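Hello,

Here is the structure I promised to pass on to you. Have a look through it first, and then read my notes below.

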Amino acid sequence: LDVIASCSVLGVISAGILLLAVLLSMQMSDNFYDQTIVWQPQGLGLSVGIAMFTYAGHAVVPEIHASAKNKEEVGAALTAGFGVVLMIFTLIGAAGYMSFGPDVDQQFTM
């Protein structure tokens, strides 16, 4: 269990470094995009599907709850964990949009 906890801490640290790198990159970028389009419904289904896929780990929640020492704290820990992930995704998405604007596709990894 100590190894898993160490890996978890390493994951949090690496996510923080990634977020910091994205925000610094956005600040140093010369192509800051200033024309904001707030709502574009085309491609929304694909974007929501991709976002929901990232939270697919919820299937292991019952097993985590069953193996936890303090079962009362599992809900708060999960809420905090998923909240941090949501915050990181939102900040990285906003930084990418502010840097490149609507020229970036909803799914740019394919």
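A definition to start with: helices (H or I, at least four residues) and strands (E, at least two) are DSSP runs, numbered from the N terminus. Read along the sequence, the pattern is α-α-α-α, with 4 helices and 0 strands in the chain.

Some background on the numbers. This is a predicted model, in which local features need pLDDT of at least 70 and side-chain atom pairs count only at pLDDT 80 or more, while totals for chains, interfaces and linings use all residues. Residues are numbered from 1 along each chain as its sequence is written, and side-chain values use heavy atoms, with hydrogens and water left out.

How confident is the predictor? On pLDDT (the predictor's confidence in each residue, from 0 to 100), the chain has a mean of 76, and 79% of its residues reach 70 or more. Among the elements of the chain, helix 3 has the highest mean, 83, and helix 2 (residues 44–54) the lowest, 76. Where pLDDT is low, the predicted coordinates should not be read in detail.

Now the surface. The chain exposes about 8700 Å², and 71% of this comes from carbon and sulfur atoms; accessible areas come from the Shrake-Rupley method with a 1.4 Å probe, and for residues only the protein chains shown count as cover. Of the 110 residues, 6% count as buried, where buried means under 20% relative accessible area, exposed over 50%, and partly exposed in between (1.4 Å probe, protein chains only).

Helix 4 (residues 74–100) is a nice one to check with a ruler. The expected span of a helix is 1.5 Å times one less than its number of residues, so its 27 residues should span 39 Å, and the end C-alpha atoms are indeed 39 Å apart. V74, I88, A95 and S99 are buried in helix 4. What covers the buried residues of this helix? The cover includes helix 1 and helix 3 (61–67).

Two pairs are worth finding on your screen:

- A51, in helix 2, is partly exposed at 35% relative accessible area. A51 and F89 are 38 residues apart in sequence, yet 8.8 Å apart in space, C-alpha to C-alpha.
- F100, in helix 4, is partly exposed at 43%. F100 and M26 are 74 residues apart in sequence and 9.4 Å apart in space, C-alpha to C-alpha.

Contacts (heavy atoms within 4.5 Å) fit this theme: residues 24 or more positions apart account for 91% of those with a separation of 6 or more.

Finally, V9 lies in helix 1 (residues 2–28) and is partly exposed, with a relative accessible area of 48%.

Enjoy exploring!
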